[in-house]
Amino acid sequence: MAVYLSVIALVLLGTLALGLVRVGRGPTPGDRMASVLLGGTTGVALLLILSASEGSGATLDTALVLAVLAPVLTVAFIAARRRPSLGESDRG
Amino acid sequence: MADAFTVVFTLAGTLFFLTGSIGLLRFPDLYSRLHALTKADNLGLGLIALGVLAQADGAAFVAKVILVWLVTLATSAVVGHLIARDALPGNPETGVMNDD
């Protein structure tokens, strides 16, 4: 079972890398942000798989924290776009 | 039995993540990309959570896994709407943000 779960974790890591290509290409900031959103969820899934493989409560707690914190990034991004004075870098 | 359950559901969930990533790469514009990735988000993570639940030991583990899924369901819906609305042409909330 541990071997199977490791393979699944590796495949998920591969899809995360695939999503990073879209972060690099863009072309709009929204595209990059959407890709980061999928990356966050993939990370949560990865941590869930690892917690099942190790039977570790700490890994599961990390998954929960990541699930809660991932949307904060997007909300901050949208807030900065609505008020451009919050940051110049959001115009890329 | 529990192991077979885990294999089936985590495999299905991983397929959803894979198709979501491919959709993100292949689809032509932001809206169809959002469509691809929110499905992968919700269903993929749900299936993986179900698969992980079969390996659970104890009520706290089960409750946390379900909580992770529910939190992600809620946040990915909200965040998907935020991104899509931000990209609308002539969006009054973003003013003249149509530089993209």
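**Exercise 1. Find how confident the predictor is in chain B, and where its confidence drops.**

Step 1. This is a predicted model. Take the chain as a whole: chain B has an average pLDDT of 82. A score of at least 70 is reached by 89% of the residues.

Step 2. Look for the weak stretch. In chain B, pLDDT stays under 50 over residues 95-100. The model gives this stretch six contacts beyond four places in sequence.

Step 3. Decide how to read such a stretch. Where pLDDT is low, predicted coordinates should not be read in detail.

Step 4. Turn to the complex. Its ipTM is 0.81 and its pTM is 0.83, as given by the predictor.

**Exercise 2. Describe the side of chain A that touches chain B.**

Step 1. Count both sides. Contacts join 41 residues of chain A to 44 residues of chain B.

Step 2. Assign the chain A side to elements. α1, α2 and α3 of chain A each give two or more residues. The largest share comes from α2(A), with 15 residues.

Step 3. Sort that side by class. There are 26 nonpolar, 10 polar and five charged residues.

**Exercise 3. Work out how α2(A) and α3(B) run relative to each other, and what lies between them.**

Step 1. Take the axes. They come within 10 Å and cross at roughly 175 degrees.

Step 2. Apply the cut-off. Angles over 145 degrees count as roughly antiparallel, so α2(A) and α3(B) are roughly antiparallel to each other.

Step 3. Pick out the residues that meet. From α2(A) they include A:Met33, A:Leu37 and A:Leu48. From α3(B) they include B:Val68, B:Val79 and B:Asp86.

Step 4. Class the residues of this contact. Nine are nonpolar, four polar and one charged.

**Exercise 4. Locate the centre of contacts in the largest nonpolar core.**

Step 1. The core holds 44 residues. A:Ala45, A:Leu48, A:Ile49 and B:Val68 touch the most other members.

Step 2. Name the contributors. α1, α2 and α3 of chain A and α1, α2 and α3 of chain B each give two or more residues. α2(A) gives the most, with 12 residues.

Step 3. Follow A:Ala45. Leaving aside neighbours within four places in sequence, A:Ala45 is in contact with A:Leu12. Its partners in chain B are B:Gly13, B:Phe17, B:Gly44, B:Leu45 and B:Ile48.

**Exercise 5. Classify A:Leu13 as buried, partly exposed or exposed.**

Step 1. Place the residue: A:Leu13 sits in helix α1 of chain A.

Step 2. Count neighbours. A:Leu13 has 13 C-beta neighbours inside 10 Å, so it counts as partly exposed.

Step 3. Relate A:Leu13 to A:Ala45. They are 32 residues apart along the chain, with 10.0 Å between their C-alpha atoms.

How values were computed
Residues numbered from 1 in each chain as written. Chains lettered and ligands numbered in written order. Predicted model: local features only at pLDDT ≥ 70, side-chain atom pairs only at ≥ 80, totals over all residues. Core = buried A, V, L, I, M, F, W, Y, C linked by C-beta atoms within 7 Å. Buried ≥ 20, exposed ≤ 12 C-beta atoms within 10 Å, placed from the backbone. Helix = DSSP H or I, 4+ residues; strand = E, 2+ residues; numbered from the N terminus. Contact = placed C-beta atoms within 7 Å. Nonpolar A, V, L, I, M, F, W, Y, C, P; charged D, E, K, R; others polar. pLDDT = per-residue confidence, 0-100. Axes fitted to C-alpha atoms, helices over the stretch in contact; angles between N-to-C directions. Parallel < 35°, antiparallel > 145°, perpendicular 65-115°, else oblique.
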